[in-house]
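Biologist: I'm new to this one, so could you pick a single part and take me through it closely? I'd like to hear about the loops and whatever sits around them.

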Amino acid sequence: MNKRKALLPFLSLLLILSGCSGKETSSPLQESPKSKDIPTSVTKDPVTIKMYHKGGTISDEEFKNYFVEPVAKKYPNITLELVRDSVKGNSPEELLTSGNFPDLIYTSNPSIPIYQDLDIIEDLNPLIKKNGFDLSRFQDTGLEMMKGYDSKILVGLPLTMNMAAMIYNKDIFDKFGVPYPKDMMSWDDAIALAKKMTVVDNGTSYIGIDPWRVEAVGSQMTLPIVDPKTNKATINIEGWGHVLNLFKQVTDMPGYVNNGKFDYDFFKDNLAMAPMWATDLVGKLTDPTISKLKNWELVSIPYVKGYEGKGRNVDTHMLMMAKVSKHKDEAFAVMQEVLSDEVQMKMAKAGRISPLKDESFKKNYLQSNASFIGKNIAALFKLTPTQLPAHSKYENQVRIIIRGAKQKLAVDRKDINTILRELQEEADKWIESHP
């Protein structure tokens with residue numbers, strides 16, 4: 001009897017330490033005790049980690065909320081600094097030459113070739129293995145995109161994803177008695193609606209739709225940009241001709257081109273429909289100095305017929321590490337922290353789409369953003385992102401050349417075959433002059 005009494009305090013202590021209550025279950029987003037432990041490889045001495053920003057978007061407030069504050073909470077000895085490429089003297093080449101290139105790189109995937117050409121990207125695989133970092137938490141889409149740039153190394157980790165939706169102005173639809181667009185419409189359906197609203201009414205010009213950039217629509221068909229085997233552009237093909245035909249239907253609408261103008265701003269012009277990236281939508285619709293429009297709604301971006309359910313190419317804002325960093329363990333610790341469930345949930349609620357696969361991030365997306373209450377947020381997730389075409393270091397410039405097709409259609413009034421031939425020649429000449 002005395003032995004049993006003596007065991008009771010010990011058993012109670014075990015229950016307390018094990019967290020057993022019989023009522024609570026662990027949430028998949030709860031941090032394990034191990035994740036709170038600071039790796040022994042991370043110094044306790046004061047250290048400054050610099051992050052370079054070129055490509056993608058990140059405001060000073062976001063840097064503070066998602067990087068500085070959470071990192072300081074766990075690593076009070078680590079100071080973070082943001083280095084923007086927009087400051088004179090901060091080009092990647094200048095920083096590398098001066099020996100001041102930052103430890104981390106915040107960018108979007110189209111900018112990866114810039115850092116590949118400079119041979120400055122650190123392979124993250126050894127640090128991931130060293131720290132037991134769990135890659136299975138990520139959606140396959142983002143990681144597969146990274147592998148497409150270099151199959152031998154892991155060039156970076158996705159921090160946020162970017163999806164697109166189409167915003168529309170209900171007031172313009174109501175004015176002309178046109179039914180609202182719906183989720184899962186084709187570009188042909190959207191253009192048919194737009195034709196009814198591209199008019200001049202009492203001296204005011206109205207534009208039904210601006211499809212934005214040629215290469216963005218082409219990405220929904222995963223059209224090739226450059227053949228990496230031949231280093232020749234792949235513009236003069238049937239697929240790009242199909243895309244230009246869609247744009248021609250828009251630019252041929254009477255009144256669409258006005259005094260040479262053929263690109264329109266949803267928040268400044270009388271534009272009924274506009275496909276936009278989520279980052280742009282969130283940024284503009286939550287900035288009172290930009291958006292005074294209230295009667296708006298979202299639908300999924302139109303798909304190209306024959307490619308039902310296909311969205312734009314996968315687009316991520318990502319983190320990479322520079323080979324020249326002298327504080328790689330500390331820099332990776334920063335990456336781990338901003339990719340923690342806690343920080344990712346904070347970002348998701350504010351309007352950043354998480355690259356992590358747990359559905360709770362999607363369910364909580366934009367929940368703390370009052371501008372989107374009651375809106376069709378699900379429209380952003382209706383279409384499936386397409387994978388990037390075969391990678392080439394010339395692809396960014398060729399995309400810009402393809403973008404010029406809209407000018408040739410709208411203002412120069414050239415036929416599609418001529419445009420395809422001219423763009424192909426222009427791209428090939430540029431590639432040849434930049435070996």
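Modeller: Sure. Helices here are DSSP runs of H or I with at least four residues, strands are runs of E with at least two, and both are numbered from the N terminus. Keep in mind that this is a predicted model.

Let's talk about phi. Most residues other than glycine have a negative phi. Asn202 isn't a glycine, yet its phi is positive, about 50°. You'll find Asn202 in the loop between β6 and β7. Is Asn202 buried or exposed? With a relative accessible area of 77%, Asn202 is exposed, since the cut-off for that is over 50%.

Now for what flanks that loop. β6 and β7, the latter covering residues 204-209, pair in the antiparallel sense over three bridges. One pairing to look for is Asp201 with Thr204 in β7, its bridge partner. Both strands belong to an open sheet of five, with mixed pairing, in the order β6-β7-β10-β5-β11. β6 (199-201) is an edge strand, as is β11 (296-300), each pairing on one side only. From one strand to the next, the twist averages 35°.

For a second loop residue, go to Leu366. Leu366 is not a glycine either, and has a positive phi of about 65°. Leu366 lies in the loop between α14 (359-363) and β14 (384-386). Leu366 has 3% relative accessibility, so it counts as buried; the cut-off there is under 20%. To recap, Asn202 is exposed, while Leu366 is buried.

Notes:
Residues numbered from 1 in each chain as written. Predicted model: local features only at pLDDT ≥ 70, side-chain atom pairs only at ≥ 80, totals over all residues. Heavy atoms only, no water. Pairing = 2+ DSSP bridges. Axes fitted to C-alpha atoms, helices over the stretch in contact; angles between N-to-C directions. Buried < 20%, exposed > 50% of the residue type's maximum accessible area, 1.4 Å probe, protein only.
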